[in-house]
Amino acid sequence: MKLLEGKVLIVTGGSRGIGRAIAVEAARHGADVLINYYRDNDAGYGRKTAIDEVVGEIEALGRRVVALEGNVADPQTGLRLVDAAVQAFGKVDVLAANAGICPFHAFLDIPLEDFRRTMEVNLHGAFYVTQAVARQMKAQGHGGAIVATSSISALVGGGQQAHYTPTKAGVHSLMQSCAVALGPYGIRCNSVMPGTIATDLNAEDLASPEKLAYMKGRVPLGRLGEPVDVANCVVFLASDLARYVNGAALLVDGGLFVNLQ
Ligand SMILES: NC(=O)C1=CN([C@@H]2O[C@H](COP(=O)(O)OP(=O)(O)OC[C@H]3O[C@@H](n4cnc5c(N)ncnc54)[C@H](O)[C@@H]3O)[C@@H](O)[C@H]2O)C=CC1
Ligand SMILES: C[C@H](O)[C@@H]1OC(=O)[C@H](O)[C@@H]1O
């Protein structure tokens, strides 16, 4: 069954990792896709061509796709994304507010610039894009769905993530307030809370065999998540199967959060 037939989806941070999987799975479910990505961030992972790969994959699925480069921390980017989606596809039905960074660093000596950048990309960026898309959805008059990528880290701490976990709690809170503000327009707002998903974001942190074994051992299902595990849940929350789900947060963590002992 195709869950997003005829829908138009914008995904931020869609060139790699979880966002890439969201773009591809949404297309597999019948959506046309506008993919945002940030060249500086991709180059930082030695992946300048990542966006070309995902665009090709979606075209091969027979869906329409447009890629738009831009930093979500710039309020103009959200406006540009909406304009481009409307120009290419005529409307916006779904937003996956996913772009994020996680530069691991100890709390006591983290450079203030790293703190500011993490806040601006992860939280301010989600706010700007959500607001721009919500205005468009309200004007269209037929509702919509917004799914933000929060994290298990909205609920628990990380010694190297004190600048990051508050952004994910903020994204979760943003979706809760938007569920209230936008529900009257038929716009549902939810978040996914991934556990540890193997992507470029944590490749360096998990490069140590000891840390990798420890993290796998914490997950009752016995493995790290794959981007598609999260993408499937985003597709569900974006679809009419979830038509009465609004303001919810879905843990996608293999049971990591509930595993006390
Ligand atoms: N990998 C994990 O274990 C988890 C990731 N998350 C969240 O999932 C989201 C995606 O993470 P991953 O796929 O793991 O990361 P990734 O590093 O594999 O991919 C990041 C994507 O975001 C884009 N991006 C980075 N900075 C950007 C900016 N300023 N403006 C626009 N796009 C930008 C990149 O171009 C790329 O497409 C993030 O919000 C992250 O916090 C949440 C929980 C766990
Ligand atoms: C990057 C980390 O492995 C990952 O990011 C999150 O949001 C999760 O909580 C994990 O710590």
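In this predicted model, an oxygen atom of ligand 1 sits 2.8 Å from a polar backbone atom of isoleucine 18, a polar contact being a pair of N or O atoms within 3.5 Å. Another such pair joins an oxygen atom of ligand 1 to a polar backbone atom of tyrosine 38, at 3.1 Å, and the side chain of tyrosine 164 brings an N or O atom to 2.6 Å from a ligand 1 oxygen. Ligand 1 on its own has 840 Å² of accessible area, and the protein covers 98% of it (Shrake-Rupley method, 1.4 Å probe). The shell around ligand 1 splits into 11 nonpolar, 17 polar and four charged residues, and its largest share, three residues, comes from H7.

Tyrosine 164 turns up again at ligand 2, with a polar side-chain atom 2.6 Å from an oxygen atom of that ligand. Serine 153 places a polar side-chain atom 2.3 Å from a ligand 2 oxygen, while for serine 151 the corresponding side-chain distance is 2.5 Å. Alone, ligand 2 exposes 300 Å², of which the protein buries 88%. No charged residues appear in the ligand 2 shell, just five nonpolar and five polar ones.

As for helix H9 (residues 227-238), its end C-alpha atoms lie 17 Å apart, which agrees with the 16 Å that its 12 residues should span at 1.5 Å a residue. Its buried residues include Pro227, Val230 and Leu237 (buried: under 20% relative accessible area, 1.4 Å probe, protein chains only).

Residues are numbered from 1 along each chain, chains are lettered from A and ligands numbered from 1, as written. Local features need pLDDT of at least 70 and side-chain atom pairs 80 or more, with totals using all residues; side-chain values use heavy atoms, without hydrogens or water.

Note on methods:
Helix = DSSP H or I, 4+ residues; strand = E, 2+ residues; numbered from the N terminus. Expected span 1.5 Å × (residues − 1). Buried < 20%, exposed > 50% of the residue type's maximum accessible area, 1.4 Å probe, protein only. Polar contact = N/O pair within 3.5 Å; in protein donor to acceptor, adjacent residues only side chain to side chain. Nonpolar A, V, L, I, M, F, W, Y, C, P; charged D, E, K, R; others polar.
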